[in-house]
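Q: I am new to this structure and would like a close look at one part of it. Could you pick a spot, walk me through its surroundings, and then show me how it sits in the whole chain?

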Amino acid sequence: MKESLNSLCERFVENTDVLYKIKGFKFTNSKMMPLCAYTFAASGQTIDPDDLQSCLKLVEASGGVFSCLRDANQAVSSCIMSVSNDPEGTLNAA
């Protein structure tokens with residue numbers, strides 16, 4: 001139990017550090033960053049910056065100005081897409 005909690009916390013910290021280095025996430029709401037980092041940590045993954053940026057571009061291209069996936073939801077949507085095996089399918093399901 002203690003080892004799994006330690007590994008989860010370590011992945012969370014690693015993912016948080018990676019998020020702050022990704023270009024599209026620098027101006028993301030500071031309350032969304034831990035949620036995004038936890039999304040990856042809970043799934044046992046470390047963030048792949050290139051994959052996450054491609055998901056971010058997909059979200060930006062998919063919706064119009066009034067899309068519900070823009071603004072604060074854009075970062076979380078991109079993270080959920082990046083964790084999934086089928087980012088485009090996840091986007092279409094949203």
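A: Happy to. Let's start with C79, which lies in helix α4, the stretch covering residues 72-83. Keep in mind that this is a predicted model.

Is C79 buried or exposed? Its relative accessible area is 0%, and buried means under 20%, so C79 counts as buried. Setting aside residues up to four places away in sequence, C79 touches F25, C36, T39, F40 and L52. You can also look from C79 towards D51: these two are 28 residues apart along the chain, and their C-alpha atoms are separated by 9.5 Å.

Now move to V76, which also has its place in helix α4. V76 has a relative accessibility of 15%; since the limit for buried is under 20%, V76 counts as buried. Once its neighbours within four places in sequence are left aside, V76 is in contact with M32, L35 and C36. C36 therefore appears in the contacts of C79 and in those of V76. Another residue to find from here is T28: V76 and T28 are 48 residues apart in sequence, yet 9.8 Å apart in space, C-alpha to C-alpha.

Next, turn to helix α1, residues 2-21. Does its length make sense? What span should its 20 residues have? At 1.5 Å a residue they should span 28 Å, and the end C-alpha atoms are 29 Å apart, which agrees. Within α1, the residues N15, T16 and L19 are buried. They cover an arc of only 105° around the axis, which puts them on the same side of the helix. The cover over the buried residues of α1 includes α2 (32-42) and α3 (49-62). On the face turned away from that buried side, α1 carries the exposed residues K2, E3, E10 and K21.

Finally, step back to the whole chain. It has 5 helices and 0 strands, giving the pattern α-α-α-α-α when read along the sequence. Of its 94 residues, 29% count as buried, and C79 and V76 are among those buried residues. Among contacts between residues at least 6 apart in sequence, 63% join residues at least 24 apart. As for the outside, the accessible surface of the chain comes to about 6,000 Å², and 55% of that belongs to carbon and sulfur atoms.

How values were computed
Residues numbered from 1 in each chain as written. Predicted model: local features only at pLDDT ≥ 70, side-chain atom pairs only at ≥ 80, totals over all residues. Heavy atoms only, no water. Helix = DSSP H or I, 4+ residues; strand = E, 2+ residues; numbered from the N terminus. Expected span 1.5 Å × (residues − 1). Buried < 20%, exposed > 50% of the residue type's maximum accessible area, 1.4 Å probe, protein only. Arc of directions from axis to C-beta. Contact = heavy atoms within 4.5 Å. Areas by Shrake-Rupley, 256 points an atom, 1.4 Å probe, with all protein chains shown as cover.
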